[in-house]
Amino acid sequence: MKKVLVLHGVNLNMLGTRDQRQYGRANLEEIDGELQELGASLGLSVETFQSNHEGKLVEKIHQGRAADFRAVIINAGAWTHYSYAIRDALELLDIPIVEVHLSNIYAREDFRRHSVLAPVSRGQICGFGKHSYMLALRAVAELLQTAETA
């Protein structure tokens, strides 16, 4: 099975209680469970990781190089807008990276409209709540399948 790493950044452990209008009612455990189920149906093994510590997220990305992950899906939360450390760690990977956001970052505050991760990502999905993650996983499955047949 192809392995996919899903990274959740700062404050995402508070999903389900944090501003449900922006982020929805689903908590992180529910999202992770749905990712696991969808991943299995797509022939993917999904590993999830959340941290409120930037360095731990960077270390997990570094570990991903040796762990034979075939793709990364990342919702870095607020770090999306300013963490060059996470950006640089992602840039070390030679696999598809898909950036995800629950809310439509382009319909929110000005500072949320800029992503330092976008230049090192294959694509970005935002505004579909928890379904943003599912769409990203489907996109990764397609990218990996296409890469195999190329």
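This briefing describes a five-stranded sheet and the surroundings of one histidine, H81. The structure is a predicted model, in which local features need pLDDT of at least 70, side-chain atom pairs count only at pLDDT 80 or more, and totals for chains, interfaces and linings use all residues. Residues are numbered from 1 along each chain as its sequence is written, and side-chain values use heavy atoms, with hydrogens and water left out.

**Sheet**

- The open sheet has five strands in the order β2-β1-β3-β4-β5, with parallel pairing (strands are DSSP runs of E, at least two residues, and helices runs of H or I, at least four, numbered from the N terminus; two strands pair if DSSP finds at least two bridges between them).
- Because β2 (44-50) and β5 (123-126) each have a single partner strand, one side of each is left without a neighbour in the sheet.
- On average, neighbouring strands are turned by 20° against each other, direction ignored (axes are lines fitted to C-alpha atoms, for helices over the stretch in contact, and angles run from 0 to 180 degrees between N-to-C directions).
- Six parallel bridges join β1 (residues 2-8) to β3, and V4 has A71 in β3 as its bridge partner.

**Surroundings of H81**

- H81 lies in the loop between β3 (69-75) and α4 (84-91).
- H81 counts as buried because its relative accessibility is 12% (buried means under 20% relative accessible area, exposed over 50%, partly exposed in between, with a 1.4 Å probe and protein chains only).
- Beyond its neighbours within four places in sequence, H81 is in contact with F111, R112, H114 and V116 (contact means heavy atoms within 4.5 Å).
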